[in-house]
Amino acid sequence: MDLQTAKGIAMAMEDEAALLVPPENVADQTQRKTAHLLGCGNGGHQWSGRTVVTFAGGVDPQSVVDSISAAWQLKNGVTVDQDAFNTGNDAEVDMTVATGGFYTAAIWNSGTQLYITSFSPCFELEEGQHPSDEY
């Protein structure tokens, strides 16, 4: 797998999770398009991204996380861990993909925002690519 494929997978997973928030509950949505690379097993690297959804009006943060958790549980080859870190308005669900990649959806800022963080599957850098550069 190359960098662009891994990054595309990670960004698509962020988009998929963000779409589970009903449009009427979204005041703003931003996705980080570039990031430095992180190391992962056997000398490989991974791209890490984030999408932030700011809620409009009164949204039940736990129901948002529950919806994402339910959708992620339907995916093949996926392990979903919800409730490990849930405290009040800081509900969180984590998803680990058997073929690589880790994703988390968590409520932040007193229940006003959903942070969807991605860690792509591992990949090997191509010649001329450096992990300290932004991709």
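How many bridges join β3 to β7, and in which sense do the two strands run? The strands β3 and β7 run antiparallel and are joined by 7 bridges; strands count as paired if DSSP finds at least two bridges between them.

## Basis of the model

This is a predicted model, in which local features need pLDDT of at least 70 and side-chain atom pairs count only at pLDDT 80 or more, while totals for chains, interfaces and linings use all residues. Residues are numbered from 1 along each chain as its sequence is written, and side-chain values use heavy atoms, with hydrogens and water left out.

## Overall layout

The protein chain has 2 helices and 7 strands, in the order α-β-β-β-α-β-β-β-β along the sequence. Helices (H or I, at least four residues) and strands (E, at least two) are DSSP runs, numbered from the N terminus.

Of the 135 residues, 43% are buried, meaning under 20% relative accessible area, with exposed over 50% and partly exposed in between (1.4 Å probe, protein chains only). The C-alpha atoms fill a box of roughly 50 × 30 × 25 Å along the principal axes.

## Strand β7 and its partners

Within the pairing of β3 and β7, threonine 51 has isoleucine 116 of β7 as its bridge partner. β7 also pairs with β6, again antiparallel, over 7 bridges; here tyrosine 103 is matched with serine 118 of β7.

β6 and β7 form a hairpin with 4 residues between them, and asparagine 109 in the turn has a positive phi of about 55 degrees. Because 6 of its 7 residues are buried, β7 is largely enclosed by the rest of the structure.

## The nonpolar core

A nonpolar core is a set of buried Ala, Val, Leu, Ile, Met, Phe, Trp, Tyr and Cys residues joined through side-chain atoms within 4.5 Å. The largest one has 30 residues, and Trp47, Phe55, Ile68, Trp72 and Leu114 touch the most other members. Elements that each supply at least two residues include α2 (61-73), β3 (44-55) and β7 (113-119). The largest share, 7 residues, comes from α1.

Leaving aside residues up to four places away in sequence, phenylalanine 55 touches several residues, among them Val21, Val64, Ile107 and Leu114; contact means heavy atoms within 4.5 Å.

## Helix α1

The buried residues of α1 include Leu3, Ala10, Met13 and Ala17. The buried residues of α1 cover an arc of only 150 degrees around the axis, which puts them on the same side of the helix; the arc is that of the directions from the helix axis to the C-beta atoms.
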